[in-house]
Amino acid sequence: MKNYLILVVEDDPPIQHLITTTLKSRDYSFLTAATGEAAIMETASNNPDIILLDLGLPDLDGIEVISRIRSWSNVPIIVLSARSEDSDKIDALDAGADDYLTKPFSVEELLARLRVVQRRLTLMQAENNQPLYENGQLQIDYALRCVKICGEEIRLTPIEYKLLCLLAKNTGKVLTHKYIIQNVWGNPLETDVASLRVFMTTLRRKLEKGSSDIRYIQTHVGIGYQMIRV
Ligand code: CA
């Protein structure tokens with residue numbers, strides 16, 4: 001198994017200690033940074049596989065750290081934050097974070113989120129340039145623009161197809177309403193969250209009709225949607 005290098009960005013020593021002890025016990029390699037500037041420098045010079053990022057840092061706001069790293073890197077970022085407001089999570093996800101954990105969190109939960117990101121990294125490498133997407137009984141043939149459930153083709157409208165492809169290409173990642181609307185419709189002013197919800201409902205109904213109880217798309221209330229690897 002690949003030995004992942006995790007950058008732990010946390011200015012609170014006891015929490016940093018808890019995280020690094022957990023990582024050490026599971027044979028992860030890690031680096032630490034206690035400020036936003038140090039986090040950006042470590043990312044640029046050591047190219048970590050995954051970043052765990054506290055939002056409340058002494059110098060920069062975590063959201064700014066995400067934006068700056070995203071200007072040149074796609075490294076997965078999991079936000080660890082004491083802020084539990086949805087708006088903070090949305091800001092972090094909009095800036096390009098992959099996932100978020102609200103403090104206090106259990107080490108088991110942290111490890112589970114890390115495994116999700118690792119699976120996504122492995123899949124992304126395997127699926128890059130693959131003409132076929134497969135997840136449980138769901139299959140997308142990108143070349144033919146054909147979607148099948150249990151081998152049966154299902155009919156999607158162009159918007160539903162775009163929504164499904166966007167979610168599939170980001171399997172495991174929470175996509176915010178704003179991100180989805182921008183990527184599917186282009187102009188965020190053209191569509192609102194209520195319309196997105198309607199499209200999502202019909203898409204789900206079509207996906208779930210053929211596959212009984214498998215739920216591929218998870219709703220994050222007030223935030224967005226996520227395609228689950230089933
Ligand atoms: Ca902090």
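When two helices pack, an angle under 35 degrees counts as roughly parallel, over 145 as roughly antiparallel, 65 to 115 as roughly perpendicular, and anything else as oblique. Keep that handy for the second half of the tour. One heads-up before you click: this is a predicted model.

**Stop 1: the sheet.** Show the strands as a cartoon. You're looking at an open sheet of five strands, with parallel pairing and the order S2-S1-S3-S4-S5. Its edges are S2 (29-33) and S5 (99-102), each pairing on one side only. From one strand to the next, the twist averages 20°.

**Stop 2: one strand pair.** Now select residues 50-54, which are strand S3, and residues 77-81, which are strand S4. They pair in the parallel sense over four bridges. Strands of a sheet pair through backbone hydrogen bonds. Click on Asp54: across from it in S4 stands Leu80.

**Stop 3: helices on the sheet.** Select residues 13-25 to light up helix H1, which packs on the sheet and touches S1 (5-9), S2, S3 and S4. Its direction makes about 165° with that of S2. Next, pick residues 36-46: helix H2 lies across S1, S2 and S3, at about 145° to S2.

**Stop 4: a helix pair.** Select H6 (residues 158-169) and H7 (residues 177-185), whose axes are 10 Å apart. How do they sit relative to each other? They pack at about 125°, so they are oblique to each other. Their crossing is right-handed. Show side chains at the contact: Ile159, Lys162, Leu163 and Leu166 come from H6, and Tyr179, Ile180, Asn183, Val184 and Trp185 from H7. By class, that contact has seven nonpolar residues, one polar and one charged.

How values were computed: Residues numbered from 1 in each chain as written. Predicted model: local features only at pLDDT ≥ 70, side-chain atom pairs only at ≥ 80, totals over all residues. Heavy atoms only, no water. Pairing = 2+ DSSP bridges. Helix = DSSP H or I, 4+ residues; strand = E, 2+ residues; numbered from the N terminus. Axes fitted to C-alpha atoms, helices over the stretch in contact; angles between N-to-C directions. Contact = heavy atoms within 4.5 Å. Left-handed = near helix turned anticlockwise from the far one by under 90°. Nonpolar A, V, L, I, M, F, W, Y, C, P; charged D, E, K, R; others polar.
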